[in-house]
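Subject: Structure handover

Hello,

Here is the structure I promised you. Please open it first, then read my notes below.

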Amino acid sequence: MSDARVTLRPPRTDDAAAIWRLLPAIGGLERNTAYAYLLVCSHFADTSIVAERDGAIVGFVAGYRPPTQPTSLFVWQVGVAPDARGLGLAGRMLDGVLAAPACRDVRYLCATVSPDNQASLALFRGVARRHRIPCEEATCFPARLFPEPHPDENLLRIGPLPASS
Ligand SMILES: CC(C)(COP(=O)(O)OP(=O)(O)OC[C@H]1O[C@@H](n2cnc3c(N)ncnc32)[C@H](O)[C@@H]1OP(=O)(O)O)[C@@H](O)C(=O)NCCC(=O)NCCS
């Protein structure tokens, strides 16, 4: 199912405050500083995406290319407003970022996920299933590395994606 009113596009700096305001409603995601979302919407705009419906941001993917992993796209955060969920929007946003020119040579989609986040696990496993590629799971940032109570963040590594011509 899809919602034809939702359009996907790279973020602009004037989206950063809207993303920051949306985070409490999304829930389950750490709300970082507004400045961090300004960086996403400027330095990482080519590897990020927002979903807009009736002029409002209803979803976003914050992604970047890790300098030490040049063939990977790392998805730092993905979130969808509660009233826009269950329409395949998060999956569309991930595919949209992967299709961006800045991701032409990306072979692996990586993200960390808490083991109890069933929606997020289903989202990333769904990307692997649609593209018919493996999804490997490994330890990444265990709870002990966080200064405050925090679940483990396990790495999902999806790929290899086919090289684009
Ligand atoms: C995770 C999230 C982004 C998914 O957004 P969405 O647009 O509803 O996801 P989609 O509709 O694209 O669904 C993707 C897959 O997840 C599954 N899914 C969605 N919500 C689910 C839930 N609550 N429990 C289990 N599976 C779920 C869908 O069935 C679909 O699986 P399929 O491909 O096997 O059919 C959204 O639930 C969200 O914003 N959650 C809070 C923030 C968060 O936890 N982000 C991820 C951590 S980085």
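Which element gives the most to the shell around the ligand? Helix α4 does, with 5 residues. (Helices are DSSP runs of H or I with at least four residues, strands are runs of E with at least two, and both are numbered from the N terminus.)

Some ground rules. This is a predicted model, where local features need pLDDT of at least 70, side-chain atom pairs count only at pLDDT 80 or more, and totals for chains, interfaces and linings use all residues. Residues are numbered from 1 along each chain as its sequence is written, and side-chain values use heavy atoms, with hydrogens and water left out.

The ligand

The ligand is surrounded by 19 residues (a residue is near if one of its heavy atoms lies within 4 Å). Val 78, Val 80, Gly 86, Gly 88 and Asn 117 are the closest. At least two shell residues come from each of β4 (72–80), α3 (89–98) and α4 (118–131). The shell holds 10 nonpolar, 7 polar and 2 charged residues. Here Ala, Val, Leu, Ile, Met, Phe, Trp, Tyr, Cys and Pro count as nonpolar, Asp, Glu, Lys and Arg as charged, and the others, Gly among them, as polar.

Now the polar contacts (pairs of N or O atoms within 3.5 Å). A polar side-chain atom of Asn 117 is 2.7 Å from a ligand oxygen. For a polar backbone atom of Gly 88, the distance to a ligand oxygen is 2.8 Å. For a polar side-chain atom of Arg 129, it is 2.9 Å. Taken alone, the ligand exposes 930 Å², and the protein buries 70% of that (Shrake-Rupley method, 1.4 Å probe).

Aromatic rings

There are 4 aromatic pairs (ring centres of Phe, Tyr or Trp, the last by its six-membered ring, within 6.5 Å). Tyr 37 and Trp 76 form a stacked pair, 5.9 Å centre to centre with 25° between the planes. Stacked means planes under 30 degrees apart. Tyr 37 sits in helix α2 (residues 34–42) and Trp 76 in strand β4, so the pair ties together parts 39 residues apart in sequence.

Backbone

The peptide bond from Gly 159 to Pro 160 is cis, with omega near 5°. Pro 160 is in the segment after β7 (153–158). Asp 54 is not a glycine, yet has a positive phi of about 50°. Asp 54 lies in the loop between β2 (49–53) and β3 (56–64).

Best wishes

Note on methods
A polar contact is a pair of N or O atoms within 3.5 Å; within protein, one must be able to donate a hydrogen and the other to accept it, and residues adjacent in sequence count only if both atoms are side-chain atoms. Rings of Phe, Tyr and Trp (its six-membered ring) pair if their centres lie within 6.5 Å; planes under 30 degrees apart count as stacked, over 60 as edge-to-face and the rest as tilted.
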